[in-house]
Amino acid sequence: MGDMEFTQEFIDGLTVNEVTVMKRIAETLSIRMDQVSVVVGLLNAGGTVPFIARYRKEATNGLDEVQIRDIEHSFSSGVNMETRRNEIIKGIFDQGKLDETLYENILKAATLSELEDIYAPYKRKKKTRGMTAQEKGLTALADLMLELNDDALRTKAAEFIHDDAEHPELSVTTVDDALQGAMDILAERTAQDTENRAGIKSFYRADGRIIVKGAGDENEKKSSVYQMYWDYTESLSQIKPHRILAINRGEREGKLDVVIDVDENTAVEKLQNKYDIHNTYHKTAIEDGLKRLLSPAVIRELRSDASDAADDHGIGVFSTNLKNLLMQQPIKGTRVLGIDPGIRTGTKCACLDDTGKYLHYFVFKNDKAEEAKKIILQNIKEYNLQLIAVGNGTGTKEVQEIVTQLIGENNLDVLYTVVDEDGASVYSASDIAREEFPELDLTIRGAISIGRRLQDPLAELVKIDPKSIGVGLYQHDVNQKKLSETLDEVVSSVVNNVGVNLNTASASLLRYVSGINRQLAKKIIKYRDEKGKIASRGELLDVPGMGPKTFEQCAGFLRIPESAESLDNTWVHPENYELARFIKGNITATGALTSNIREDIKEKYTVGDATINDIFDELKKPGLDPRGAYPKPIMQKGVVTFEDLKEGMVVTGKIKNVVDFGAFVDCGIKETALVHISELSDSFVKDPMDIIKVGDVMEFRIIALDTERRRISLSRKSGASGNRSSTQTNGVVKAPDISASSGGGKNKKTVVVKKESFNAQDDGTMYNPFAEAFKKRR
C-alpha cells in the first residue's frame, strides 16, 4: 500500500474543502480569490445575483452580474464534484479495494465523467479481470512485469502457480495464466491513469473524426431532413455545435448512424513510448488497456463533451435572443386594440387602456369587410384607441387589408403594427390567463395578450414559458432542465435590470424580482387587492411572508410612482436613502460633487465611489428605463403579401431570431424571411450575434424567392442593397424611393407621425417600405 495508510478514521474525516473549490474558480475565471470568497459568502447569506451585482459593488470590487452568476454556478458544481469524489473514495474503501495508486488517480480526476469511469468497475456485481487477478495474488507479479525481461518474468511467474481448493476460481494453474492475470492488472492501471486519459483525449480530439451515415436507401435520403448528413465526415475539432445537435437528434430518431473514428494504433504507440518497457507482456498490457478499456471511455467522454458544449451553445443562443426580445422598447401611454386574426370562428378583438387594462371585446368576420370596418371604427372612437396590434397568424393578410382600408377611408390618426403571435395560444390556455380573465374565452385572452405585447413586451412575455416564444435553436434537442434554469435566469436578469412597478405588476412578473418567489408574489397581489395600492416601499414589510432579508433583496427593484417618497421610484435602495438625500443636497450648481464632499460621504457613510456614483447618476436621471435604447416596433399604414414580392426589392424588417447560420426576419407578413450569415455583411462574419440582435430593425434586399416553399432570402451586402436608406428627422420618416425595384410607379411617400398620438417619450415611428410600397398599387 506504499506510505499511505487508509483507516476508517481517515475515510470518516473526508470533507469538501470549499477553499480549494474557490481557488480553482479564481484560476478558471481569472477573478481574485478574495472576490470569489466574498461572492460565495453573500450568496450563502441569502443574497441574489441581481442584488449583489447592483448593491454590493464595493464588497465584490465591481464584479458584474455575469461574473457573479459564473461564480455561483462554478461553486455549486465544484462542491457537487468534491462531494462525489469523497463518496467514491468511501465506496471503494468499503469494498477493501482502495490502494494508493487508485486514491491518487481519484484525486487527480478533473471531470465527473473521469471520476465515474474510475468508479464504474467497483459498482458492477461482476468483477473486472484485473480485480480477479488481484484476488489470485498476482499484484506482485504485475509489479515485477514493470522491471524484468521476458525470460526472467516467465521464470518468476512459475512461483505464482497455486491451487485454491476452497475457491477454485482463484487458482492459478499455468505460467501463462499467471502472466495473463498480471497483464490484466497493468491494463487497468494504464486505463485508470489520469495523465494517460488526458493525453489520449487530447490526441483523439485533435485527430479524430465524426462519421455519419444515413440509415436508409436513396429514396429515404431524398425526402429526409437529414439529407446533408447522409454521408458526412468532419473533424471533431472543427464540427459546429448546431451540427452536433442535429446529428444527435437524427441518431435518437434512428435516421442516422454515428461513429467516432480515431487512430488507436498511433494512440497505443504514444502510450507505450511513455513507459520504460522491458518485456513484450507489459507492451501488450498497455495496448489491451488502451483498446479494451481507455479508448471506449475516452470516445464516450468526447461525444458527451461535444454534446454538452453544443447544449451550452444552443442554450446561449436562446438566452441572448430571449434577452433581446424581452428588452424590446415598450409603447407607454397608448390605448391599443389587440387583434387575433381567425377565419373559422372569426377575428377576436380586445380594447385596452393605456395601462393594458382590458375594457371590451368584439368579433368580426374577415369575409365581411364593410361590417368589420364599421365595428372597428365604432370601438376606436368609443374607447379612444390610438394603435392597432394585429397578430401575424392565419388570416392576418385579410385583417391588415381591412385595417388599412379603414385608416385610409376615414383619415384616422391611428397606426397599426404586426405583432408576433408565438406563444399567445399557450398563454391563452394557461392557468395564469384563466386567473386573469376567468369569464373570457381563451381566444379573447389571445387578443389581449397581442395588444399587451405591444404596450409592454416584458410584462406580457413573462407569463409564457420562454420555450414557447420562438427564439431558440434546436431548443428541443438540448438539456431541458438546464435550458429551463438558464432561461429563468435570463428573465430574472432582464426584470431586475428594468425594474418593476409594484402596483401594476402581475404575479408572473413579481416572481422574477430579486428575493421574491411565486408564493410571495401571490401574497403581494392579495395584499394589494385587499388594501389598495401600496403607498411606499416601507409598507412592503406589512405583507405576510415579507421578512427583513427578503425586503433587503427586493426593495430596490420595485418602483412606486405614487409614493410620497420620490426615492421609492428610483434605483436607490432604502438602505441608502439618507445618503441619497445628503448627495442631493450637496450637488453643486454645475451638477457635480466636489472631491471634499465625496471624502466626507465616504467617511460618514462608509461607502465607496461605486455607490456614490450610482446614486449620483440615478438622481440625475431617476428611473431611467434601459429598454429605451432598443428599437421601436415598425408602424405600418399599408399591407403586403408574399405574392407582391419581387427579387431586388428593398424591405425593412425586424430581426426575429438569431441562429448560427444567420437570422430570421419578420417583414410584416405571415412568412418569415432568412438572411444567411454569408449575406449579413460585406466583410466576414464569424458569429451573427457580433453584428445583429433580436429586435433590430434594418433594411434588406430580397435576393431569392422560392414560391413553391414560400421562402424568402434576404441580404445586407452593399452589392445587394444598394445605397438606399431611410432618413429620419424631427419625427418625420422619409421613405426611400423603391419604385424602380417594385415596378409600382412613383410611389415615394412621406409618413408623418404626430407625436400627440403617443406620450412624450415616443418620438416617432419606424417606416416600413415593405408595406408602403404597395399602398397605391392596391
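**Entry 1: Asn324**

I looked up Asn324 and recorded that it counts as buried, because its relative accessibility is 7% and the cut-off for buried is under 20%. I note here that the model is a predicted one. I placed Asn324 in helix α17, which covers residues 280-326. I then asked which residues Asn324 is in contact with, once its neighbours within four places in sequence are left aside. I found Tyr630, Lys693 and Val694.

**Entry 2: Ala297**

I turned next to Ala297, which also lies in helix α17. Is Ala297 buried or exposed? I entered Ala297 as buried, because its relative accessibility is 7%. With neighbours within four places in sequence set aside, I listed Asp117 and Arg197 as the residues in contact with Ala297. I also checked Ala297 against Ser113: the two are 184 residues apart in sequence, and their C-alpha atoms are 9.0 Å apart in space.

**Entry 3: strands β13, β14 and β15**

I examined the pairing of strand β15, residues 711-715, with strand β13, residues 673-676. I recorded this pairing as parallel, with two bridges. Within it, I identified Leu714 of β15 as the bridge partner of Val675.

I then followed β15 to strand β14, residues 697-706. In which sense do β14 and β15 run? I found that they run antiparallel and are joined by five bridges. I noted Ser713 in β15 as the bridge partner of Ala704. β14 and β15 form a hairpin, and I recorded four residues between the two strands. In the turn, I noted that Arg710 has a positive phi of about 55 degrees.

**Entry 4: cavities**

I looked up how many cavities of 30 Å³ or more there are, and the count came to four. For the largest cavity I entered a volume of about 460 Å³.

I next asked which residues lie nearest the centre of the largest cavity. I recorded Gln328, Val418, Val419, Asp420 and Lys654, out of a lining of 27 residues. By class, I noted 13 nonpolar, eight polar and six charged residues in this lining.

Finally, I checked which elements each supply at least two residues of the lining of the largest cavity. I listed two strands, β8 (415-419) and β11 (650-659), and two helices, α22 (442-455) and α23 (457-461).

Key
Residues are numbered from 1 along each chain as its sequence is written. This is a predicted model: local features need pLDDT of at least 70, side-chain atom pairs count only at pLDDT 80 or more; totals for chains, interfaces and linings use all residues. Side-chain values use heavy atoms; hydrogens and water are left out. On a 1 Å grid over the protein atoms alone, a cavity is a set of points where a 1.4 Å probe fits but cannot get out, and a pocket is an open set with protein on both sides within 12 Å along at least five of seven lines; lining residues have an atom within 4 Å of a point. Grid points are joined across faces, edges and corners, and a volume is the space filled by probe spheres set on the points. Ala, Val, Leu, Ile, Met, Phe, Trp, Tyr, Cys and Pro count as nonpolar, Asp, Glu, Lys and Arg as charged, and the others, Gly among them, as polar. Buried means under 20% relative accessible area, exposed over 50%, partly exposed in between (1.4 Å probe, protein chains only). Contact means heavy atoms within 4.5 Å. Two strands pair if DSSP finds at least two bridges between them.
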